[in-house]
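Student: Please take me through this model one feature at a time, giving the general idea first and then the case at hand.

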Amino acid sequence: MRHIYFDYNATTPIAPAVQEAMLPFLAEHFGNPSSSHALGAASHEAVEDARTRLAELLDADSDEIVFTSGGTESNNLALKGVFFKRTPAPSGHLVISALEHPAIVEPARFLERLGCDVSVVGTNSQGLVNPSAIERALRSDTALVSVMLANNEVGTVQPLREIVDVCHRRGVLVHTDAAQALGKIPVHVSELGVDLLSVAGHKLYAPKGVGALYVRRGTQLDSLLHGAGHECGLRAGTENVPYIVGLGRVAALVARHLESAQERMELLRERLEQKLRDGVGAPLTINGFDAPRLPNTVSVNFPGVTGGELLRRCPELCASTGAACHSGSTRLSGTLAAMGLPLEVARGTVRLSLGWYTTEEEVDRAADLLVAAWEDLQ
């Protein structure tokens, strides 16, 4: 069976050009970047070239990029790094949004167990965080606010610049998890104004197991990993050279092709949404439809069915659901719950996320499969 892959928000394939760039560093260029000999120097140069490419994509300086093992480590370094740098450590107040990925929620809970206070700010029905709600949550001891740039489930893009302005007026640092945004929309730290920004390679056509944290110059963090002084002392451990090279290569690809890729994905998303509307009719709804959204993401509610049973009838389609159903009970995702989506609606949520290699033929086939499965279940 030839699969139709509509789960790019979960992970992406490695771009062929990225794989090609990595291969030499899995074989002949195996030196340790910290070594002073020729093989080490070649690896060091490759790492620094990748750092420059990613910095250019983010409109940052290269010394503000810290390579990590992925988005989860980047998020942990941002949150824990800020609070463990405080005196006494850890202490203070953290604000997050109700939309956050577990890679933010769980570090926040960990800090809470150690004595930090954590506030969770909700969203409106479209999945947007109101900057005024963030402002109301700030306290005199608030050290950090973390709000994702784009939501992984419904694709809503947050008003991050306004949130940053509110926080910076009060002297509060801002972190954003940009894992879902980078490569789909422009992400420039100079425009966003954030102090910390997380990148995940495997959401960006690079391998799993590599990521980065942007740290605005002057932002004080404590390290999670202690050892030699790699990554300006913020991330001890010999650099994962092949994967870092891959991340740098894809940063260069995105810099060249983002505008055309964004336009193409928007057209495919609109085509998919229209075909689903035509096939199901008025009862079908799309989450976050009236909000700014990622160009590739459709979170759609099929009436009268569960997303799980719908996808089971479409085995060639790789996609995700918005609610987990086990033993007759249904559990909403945190995002859909924060948006106030009724349980009977959320049961039928399916997330369809497109990517660089999605075709019109796949969009049409996926829509036909879903509509036919929905009709069979009525």
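**Reading strands, helices and single residues**

Tutor: Let us begin with one pair of residues: S320 has R351 as its bridge partner in β15. The model is a predicted one, in which local features need pLDDT of at least 70 and side-chain atom pairs count only at pLDDT 80 or more, while totals for chains, interfaces and linings use all residues. Residues are numbered from 1 along each chain as its sequence is written, and side-chain values use heavy atoms, with hydrogens and water left out.

Student: Which strands pair with β15?

Tutor: Two strands pair if DSSP finds at least two bridges between them, and the elements themselves are DSSP runs numbered from the N terminus, with helices being H or I runs of at least four residues and strands E runs of at least two. Here strand β12 (residues 320-321) pairs with β15 in the antiparallel sense over two bridges, and strand β10 (residues 297-301) is joined to β15, also antiparallel, by five bridges. In the pairing with β10, V300 stands opposite V350 of β15.

Student: How many residues of β15 are buried?

Tutor: Buried means under 20% relative accessible area, exposed means over 50%, and partly exposed lies in between, with a 1.4 Å probe and protein chains only. Five of the five residues of strand β15 (residues 349-353) are buried, so the strand is largely enclosed by the rest of the structure. T349, R351 and S353 point one way from β15, whereas V350 and L352 point the other way, and all are buried.

Student: What is the strand order of the open sheet of seven strands?

Tutor: The order is β2-β8-β7-β6-β5-β3-β4, with mixed pairing. β2 (65-68) and β4 (117-121) stand at the edges with a single partner strand each, so one side of each is left without a neighbour in the sheet. From one strand to the next the twist averages 20°. As an example of one pairing, strand β6 (residues 173-177) and β7 run parallel and are joined by three bridges, with D177 standing opposite S198 in β7.

Student: Which strands does α4 lie across?

Tutor: Axes are lines fitted to C-alpha atoms, for helices over the stretch in contact, and angles run from 0 to 180 degrees between N-to-C directions. α4 lies across β3, β4, β5 (142-146) and β6, and runs at about 155° to β3.

Student: How do α3 and α4 pack?

Tutor: Two packed helices are described by the angle between their axes and by the distance between the axes. For helix α3 (residues 71-84) and helix α4 (residues 102-113), the angle is about 30° and the axes are 9 Å apart. The two helices are therefore roughly parallel to each other, since angles under 35 degrees count as roughly parallel, over 145 as roughly antiparallel, 65 to 115 as roughly perpendicular and the rest as oblique. α3 passes α4 in a right-handed crossing, the near helix being turned clockwise from the far one by less than a right angle, and anticlockwise in a left-handed case. The contact (heavy atoms within 4.5 Å) includes L79 and F83 of α3 and I104 and F110 of α4.

Student: Is the crossing of α2 and α8 left-handed or right-handed?

Tutor: The crossing of α2 and α8 is left-handed. Helix α2 (residues 38-58) packs against α8 at an angle of about 35°, with the axes 8 Å apart.

Student: Where are Y205 and E231, and what is the sign of phi at Y205 and at E231?

Tutor: Y205 is in the loop between β7 (196-200) and β8 (211-215) and, although not a glycine, has a positive phi of about 70°. E231 is in the loop between β8 and α8 (241-280), and this non-glycine residue has a positive phi of about 50°. Y205 is buried, with a relative accessible area of 6%, and E231 is buried as well, at 7%.

Student: Which residues does H101 touch?

Tutor: Not counting residues up to four places away in sequence, H101 touches M148, N152 and D177. H101 is in the loop between β3 and α4, and at 33% relative accessibility it counts as partly exposed.
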